[in-house]
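These are my notebook entries on a single chain. I record below what I looked up, entry by entry.

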Amino acid sequence: MASWNSLQLEITYRVMGWMAFTCWSVGFYPQIILNFRRKSSAVQKQYWEKYGSGQMIPVAVNDVAFSAHAVLMTAIILFQIAIYDRGTQKVSKIAIGIVVAVWFGAAVCFFVALPTHSWLWLINIFNSIQVFMTVVKYTPQAFMNFMRKSTDGFSIGFYLLDFSGGVTNYAQMAVLSIDQDSWVNFYGNMGKVLLSLISISFDILFMCQRFLLYPSKKAPIPPPPPPPQIISKESLEPLLQSSTSASPTHTV
């Protein structure tokens, strides 16, 4: 099994990985089963048979920790959706259809891979599903910003962190490739590469929408109301007063 050649690069690799985990932990990518399967010895053997026994497995501890955290956060959000008042909001039929189709397709692929134990192939399929779901996740927000021509109520902080996570993820993979003098780390884990590429691309789009196309405009502060006027007693008296005495009569 391959080992690190440079202690400095190994430390940099670990630091970059945990930086990516910290930024991406708000992204909620629920793929804990996929990453746990990557840790199995059968998957490692199939990976080495395909890319060579001298290659390091391109899955770090932070990848598994991130997936576990994402599943936990997603479960909490689903629980909140179930117990909080949603008014007239409801899950669209398109979203329900996509979820059902994805789970059905994943189940079919699992039973196809089961007889031959083609776990590496199954992981690649799951990676493709994950990439597809990432595009589905980002697209509605970009479309809604475009239709509204506004980003009011849109939290840019998440996407700034997501962008940072994508960049540090690529930096982590590059450090590993430099140390091992091999770029199998990239094309041997295309799911991770594509996820970062898609995330970074959408993050750049969202930042352009927020800061260039539809910058958030603060509502003008209305002027304070004028102070109440003090009305004197004299001002209430009529300007013309009528005489209470009768008019004098003229005698001849």
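**Entry 1: F186 and its contacts.** I listed the contacts of F186, leaving aside neighbours within four places in sequence, and found Y170, M173, A174, S177 and V193. I placed F186 itself in helix α8, which covers residues 184–187. For the pair F186 and Y170, I read a C-alpha to C-alpha distance of 9.1 Å at a separation of 16 residues in sequence. I note that the model is a predicted one.

**Entry 2: confidence.** I next checked how far the prediction may be read. The mean pLDDT of the protein is 76, and 72% of the residues score at least 70. Which elements have the lowest and the highest mean pLDDT? I found the lowest in helix α2 (residues 32–38), at 49, and the highest in α9, at 90. Over residues 29–35 the pLDDT stays under 50, and the model has 25 contacts beyond four places in sequence for this stretch. Where pLDDT is low, predicted coordinates should not be read in detail. I therefore did not interpret the 25 contacts of residues 29–35 individually.

**Entry 3: overall composition.** I counted ten helices and zero strands in the protein. Of its 252 residues, 34% count as buried. Taking contacts between residues at least 6 apart in sequence, I found that 80% join residues at least 24 apart.

**Entry 4: helix α5.** I compared the length of α5 with expectation. Its 21 residues, 93–113, should span 30 Å at 1.5 Å a residue, and the end C-alpha atoms are 30 Å apart, so the two values agree. I then asked which residues of α5 are buried. They are V102, A106, C109 and A113. Viewed down the axis of α5, these buried residues fall within an arc of 65 degrees, and therefore they line one face of the helix. As background, an α-helix has 3.6 residues a turn, so residues three or four places apart point the same way. On the face of α5 turned away from the buried side I found the exposed residues K93, V100, W103, F104 and F111. The cover over the buried residues of α5 includes α6 (119–148).

**Entry 5: the loop from α5 to α6.** I looked up H117, which lies in the loop between α5 and α6. H117 has a positive phi of about 55 degrees although it is not a glycine. Most residues other than glycine have a negative phi. With 45% relative accessibility, H117 counts as partly exposed.

**Entry 6: D181.** I found a second positive phi at D181, near 55 degrees, again in a residue other than glycine. D181 comes just after α7, in the loop between α7 and α8. Is D181 buried or exposed? It is exposed, because its relative accessible area is 72%, and the cut-off for exposed is over 50%. For α7 itself I noted 25 residues and a reach of 37 Å from first C-alpha to last, close to the 36 Å expected at 1.5 Å a residue.

**Entry 7: nonpolar cores.** I listed the largest nonpolar core, which has eleven residues: V131, Y138, A142, F154, I156, Y159, L195, I198, F202, F206 and M207. The elements that give two or more residues to this core are α6, α7 (156–180) and α9 (190–213). Of these, α9 gives the most, with five residues. I examined F202 in particular: not counting residues up to four places away in sequence, F202 touches V135, Y138 and T139. A second, separate core has eight residues, including C109, W119, L122 and F126.

**Entry 8: F126.** I placed F126 in helix α6. F126 is buried, because its relative accessible area is 13%, and the cut-off for buried is under 20%. I also read the separation of the C-alpha atoms of F126 and G191, which is 8.5 Å for two residues 65 apart along the chain.

**Entry 9: comparison with the record.** I consulted UniProt, where the unreviewed entry lists "transmembrane region" at residues 12–32, 64–82, 94–113, 119–136, 156–178 and 190–208. I checked two of these ranges against the model. Residues 119–136 are 100% helix and 0% strand, with end C-alpha atoms 25 Å apart. Residues 190–208 are likewise 100% helix and 0% strand, with end C-alpha atoms 27 Å apart.

Note on methods. Residues are numbered from 1 along each chain as its sequence is written. This is a predicted model: local features need pLDDT of at least 70, side-chain atom pairs count only at pLDDT 80 or more; totals for chains, interfaces and linings use all residues. Side-chain values use heavy atoms; hydrogens and water are left out. Helices (H or I, at least four residues) and strands (E, at least two) are DSSP runs, numbered from the N terminus. The expected span of a helix is 1.5 Å times one less than its number of residues. Buried means under 20% relative accessible area, exposed over 50%, partly exposed in between (1.4 Å probe, protein chains only). The arc is that of the directions from the helix axis to the C-beta atoms. Contact means heavy atoms within 4.5 Å. UniProt positions are given in the numbering used here, feature names are shortened, and annotations may be inferred rather than shown by experiment. A nonpolar core is a set of buried Ala, Val, Leu, Ile, Met, Phe, Trp, Tyr and Cys residues joined through side-chain atoms within 4.5 Å. pLDDT is the predictor's confidence in each residue, from 0 to 100.
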